[in-house]
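Biologist: Hello! I am new to this one, so could you walk me through how its terms are used?

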Amino acid sequence: MPYSILIVDDEPALQSMVCGLLLQAGYEVQSALSCAQALEQFTKKHPDAVLLDVMLPDGDGFTLFQQFQELQDIPVLFLSARDEEEAKLQGLGLGADDYITKPFLPQELLLRLRAVLRRSYRDEPAVVRLGETELNWGKGTIHRTGQEFALTAKEFALLKKLWDARGAIVTIDALCNALWDGPLIGYENTLMVHVRRLREKLEADPSHPKYLLTVRGLGYRLEREGKP
Amino acid sequence: MKFKTLWKGAVLVTASAALIAAISILGIVFFVFSSSVDSQNWGVPIHEISNALIWDGESYVLTEESLLEQNHWAMLIGESGQVVWSLYKPDEIPDQYTLSDVASFTRWYLHDYPVRCWVREDGLLVVGAPKGSVWKYDVAMQTQVLFRTPVWFLSLFLLSLVGVLGLSCLTVRRWFRQAQQIRDTARSNWINGISHDIRTPLSVVMGYAAQMELAPDLSPIYQKQASAIRSQSQVIRDLVNDLNLTMRLDCEMQPLRKENLQPTAFLRQVVADFLNGGMADGFDFSIDLPSSPLPDIKADPFLLRRAVNNLLINCVRHNAPGCTISLGAEAERNQLLFWIEGGATTQTIPSPSPRQLEPDGGAAHGTGLNLVVQIVAAHGGTVQFFTGSVFRCELRFPFVSHR
């Protein structure tokens, strides 16, 4: 069942554009032009997430967000023309899941919405595919060419971190933080060893990896479909 | 305009001070001259009293006693120093005087009684007033000192004037600062409002253009046109963002939230986010960061990220895809050196900073790099730009000192 998203923005042109974008991406969409309409839609339709403008004709988004939270704890992304750091901090400080500054690219909005929904509803299937390789999060194993490889705790954490950001570069600092809950200092070589061992399980040819790629000087990237 | 107003203010203050000084001096002089009298001529003139004192052949008689004011007294001292006549003379006043006694009381007091003296053919007439009723002061001054008096007055006046001018200057500067703050706030609010109002329509333009760019049923030429609209909208977006922030920094309205940052981790994350955003597709990136962590710097991560992003955007915008963009960081004495360069690898020469905002509408040009200069300056760092066929920029920040 598709997620239903409530868009609250007082600008009809923007609302229409975002509605079209979300419908095209397979979401169900409700819209509201004011706080009053938004509260009505919220209580009637019970959306899974809200895209919320900060400045509305009959109130402000921050107050509306708190009213939503009192009714039901669902993910909210602020979609605002206010780019001051204070506004972002206020929005995120209230507990919003993301703060997107206008103007934004459609792809950016979809990616961030998807990330928030994934984090909030944890609907990741237990078994996922990376090309010919099958990753079983439930069992912590990799299946490739009829063989099953068990992952160590660190390899699992490493692969999960890269999978969650697949397609994007994850810095070595972020990986060390995920694996050891601390900065890079002293762990860089250990990280390289874990990456090499993970490649041996993930890649058909670990010396010429297709999926787990090194971005020199920065970190690693897990390719979505594998490097040709 | 500012100098003219300051000059006017200074002239006004000087004129006021001079007027006050002149009136004060004139007032004092007038008061002294109008209130003081000849040291022998207070009350009824003593020569009148003397004229009224006559010898009738047997004794002295004051023909008009009314000339002697209330509580005043008089005596006549003969040639031998003996008092030959007196009227209402207090008991404590002696009847015999020596030359030195006379020399003393003629200038000062006689037993604390202020006295006046009048020389007559038959002696010295002395008229006394009640104790404490008259202040007598014998003024003597060297002539040279008297000649220097105007210089002293002028010096003191100039000293006071400097003080008054200094105080006035502080007050005027305060007024100027307040007026400037009001103007800055109005300007910043105006730009903030404009940039806010531009963002929503720009979202719609960018959103539809980006969708059309990927629409499979649109011909390649229209897709290309949509792509141009989308990319140019992004340029406007960056410009609006920069303009807003540059104004806030210019007016010192942007709060600095400084924290200790690990430079290598920070730079890796900023560059990774930039690349993940698809901003540099088609470019080769060469990153040269030391394997061991560099010391921390104290910086506002939001602002520093903006500065590095602007430099990356500048490299991407001014170079064709396929070009290599290099960046790196290293310790240089007690400073962090962060450098970025893009373009052909030839000798580069230092160039001045991008020009500042101009009031003639030229603000848009170079705003991105100007913002870099402002951000680095706000962190106590320095920027150096190099021009040539390769753009190179070096940023230097002080490391956090651990004592």
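Modeller: Gladly. Two residues are in contact if their C-beta atoms, placed from the backbone, lie within 7 Å. Keep in mind that this is a predicted model.

Biologist: How many residues does each chain bring to the contact?

Modeller: Chain A brings 26 residues and chain B brings 28 residues. In chain A, at least two residues each come from helix H1 (12-24), helix H5 (106-121) and strand E12 (169-171). H1(A) gives the largest share of that side, four residues.

Biologist: What makes residues on the side of chain A that touches chain B nonpolar, polar or charged?

Modeller: The residue type decides: Asp, Glu, Lys and Arg count as charged, for example, and Gly as polar. Sorted that way, the side of chain A that touches chain B has 15 nonpolar, four polar and seven charged residues.

Biologist: Why is a set of residues called a nonpolar core?

Modeller: Its members must be buried, of listed types such as Leu, Val and Ala, and joined through C-beta atoms within 7 Å. The largest core has 57 residues, and those touching the most other members are A:Leu175, A:Leu212, B:Leu267, B:Ala307, B:Leu311 and B:Val372. Another core, of 41 residues, lies apart from it and includes A:Leu21 and B:Met206.

Biologist: How do you know that residues in chain B are buried?

Modeller: A residue is buried if 20 or more other C-beta atoms lie within 10 Å of its own. By that test, 24% of the 403 residues in chain B are buried. Chain B also has eight helices and 15 strands.

Terms used: Residues are numbered from 1 along each chain as its sequence is written. Chains are lettered from A and ligands numbered from 1 in the order in which they are written. This is a predicted model: local features need pLDDT of at least 70, side-chain atom pairs count only at pLDDT 80 or more; totals for chains, interfaces and linings use all residues. A residue is buried if 20 or more other C-beta atoms lie within 10 Å of its own, exposed if 12 or fewer, and partly exposed in between; C-beta atoms are placed from the backbone.
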